[in-house]
Amino acid sequence: MSTSQIAFLKGHGTENDFVIIPDPDNALDLPASAVARLCDRRAGIGGDGLLRVVRSAAHPEARGMADEAEWFMDYRNADGSIAEMCGNGVRVFAGYLQRAGHAGAGDLAVATRGGVKRVHIAKDGAITVSMGRALLSEDGVTVSLDGRSWAARNVNMGNPHAVAFVEDLAHAGDLLSVPPFSPAAVYPEGVNIEFVVDRGPRHVAMRVHERGSGETRSCGTGACAVAVAAARRDGADPALTGTPVTYTVDLPGGTLVITERPDGEIEMTGPAEIVAEGRLDPAWSETLTS
């Protein structure tokens with residue numbers, strides 16, 4: 001595909017924003033440097049990450065999922081690095097598929113590097129994603145910042161998270177750089193770190209440093225990890241009680257509702273918006289792969 005023909009859209013889910021590149025035939029080579037330039041907020045389109053829309057059958061990483069999910073979400077962090085999953089990204093991806101006529105209201109499946117995700121698009125526009133099960137590790141983790149330290153819960157949602165409950169969200173600092181954590185060996189490929197405060201019964205607020213992106217306005221997998229960590233801290237485990245547990249999670253960019261079911265499946269519900277579309281300037285886009 002000629003870079004002069006690159007179409008793009010811009011979307012966000014609770015202000016976690018993404019550059020969307022439709023590439024159904026997997027014809028476009030986007031190296032990490034090109035992704036970083038596209039996501040640059042001053043010299044590019046700007047985004048917390050990039051969603052490349054590819055038919056599963058056309059992508060070597062997704063062909064094995066093609067029978068379950070027609071479309072593969074090739075997700076990249078803002079620095080161009082590859083990530084396994086992005087919960088807000090899946091909602092925005094589904095919103096794009098609906099806008100492009102590839103999906104309607106109801107159920108669909110999306111292939112990701114974290115497996116096939118089940119999605120439901122409600123008639124009112126809310127999108128629910130089945131995020132899979134959380135894996136909770138007993139590996140001890142400590143997060144430290146500005147002379148304070150907190151024990152953090154190690155939760156994996158297809159990508160790694162460290163969840164720290166704090167007294168004040170301001171204790172997280174500016175989150176521009178990775179908050180120090182130990183032992184480093186627990187997260188050899190880096191980690192998303194959430195700082196959490198209570199707002200009320202089964203209601204929390206959080207800030208997050210996403211690996212490869214810095215602080216973001218929202219993180220879907222992070223909200224799921226936070227809800228599970230809060231439930232266990234509060235003594236709630238649906239697998240033991242047989243009763244679903246729902247937490248409201250406030251993020252800087254909006255609110256997500258997270259439900260953990262007795263079978264361990266976690267559902268995330270929230271909005272997705274497409275705010276712009278166009279084509280890259282031919283002269284500028286030619287420099288992306290040069």
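This passage walks through the strands, ring contacts, cysteines and unusual backbone spots of a predicted model.

A good place to start is the run of strands in the middle of the numbering. Strand E5, covering residues 106–112, lies antiparallel to strand E6, residues 115–121, and seven bridges hold the two together in the pairing. One of the matched positions puts alanine 109 across from arginine 118 in E6. The link between E5 and E6 is short on residues: the two strands make a hairpin with two residues between them. E6 then pairs again, this time with strand E7 (residues 127–133), once more in an antiparallel fashion and through four bridges. Here isoleucine 121 faces isoleucine 127 of E7. E6 and E7 also make a hairpin, with five residues between them, and the turn includes glycine 125, whose phi is positive at about 95 degrees. As for side chains along such elements, in a regular strand they alternate between the two faces of the sheet.

Next come the aromatic rings, which form three pairs in the structure. One of them brings together phenylalanine 18 and tyrosine 75 in an edge-to-face arrangement, with 6.0 Å from centre to centre and 75 degrees between the planes. Phenylalanine 18 belongs to strand E2 (residues 16–22) and tyrosine 75 to strand E4 (residues 71–77), so this contact ties together parts of the chain that sit 57 residues apart in sequence. Phenylalanine 18 and tyrosine 75 are both buried. Another of the pairs, tryptophan 150 with phenylalanine 195, is edge-to-face too, at 5.8 Å centre to centre and with 80 degrees between the planes. This pair also links distant parts of the chain, since tryptophan 150 is in strand E9 and phenylalanine 195 is in strand E12, 45 residues apart. Again, both tryptophan 150 and phenylalanine 195 are buried. A ring contact of another kind involves a charge: arginine 233 places its charged end over the ring of phenylalanine 165, 4.4 Å from the ring centre.

What about the cysteines? The structure has zero disulfides. Cysteine 39 takes part in none, and the nearest cysteine sulfur, belonging to cysteine 86, is 11 Å off. Cysteine 39 is buried, because its relative accessibility is 4%, under the 20% cut-off. Cysteine 86 is likewise in no disulfide; for this residue the nearest cysteine sulfur is that of cysteine 219, 6.5 Å away. A disulfide would need the sulfurs within 2.5 Å. Cysteine 86 also counts as buried, with a relative accessible area of 4%.

Finally, a few backbone spots stand out. Most residues other than glycine have a negative phi, and most peptide bonds are trans. Against that background, serine 182 and proline 183 are joined by a cis peptide bond, with omega at about -5 degrees. Proline 183 is found in the loop that runs between strand E11 (181–182) and strand E12 (192–200). Aspartate 146, which is not a glycine, has a positive phi of about 50 degrees. Aspartate 146 sits in the loop between strand E8 (135–145) and strand E9 (148–156), and its relative accessibility of 64% makes it exposed. Arginine 202 is another non-glycine residue with a positive phi, near 50 degrees. Its loop lies between E12 and strand E13 (203–210). Arginine 202 is partly exposed, at 42% relative accessible area.

Technical notes. Residues numbered from 1 in each chain as written. Predicted model: local features only at pLDDT ≥ 70, side-chain atom pairs only at ≥ 80, totals over all residues. Heavy atoms only, no water. Buried < 20%, exposed > 50% of the residue type's maximum accessible area, 1.4 Å probe, protein only. Pairing = 2+ DSSP bridges. Phe/Tyr/Trp six-rings, centres within 6.5 Å; stacked < 30°, edge-to-face > 60°. Lys NZ or Arg CZ within 6 Å of the ring centre and 35° of its normal.
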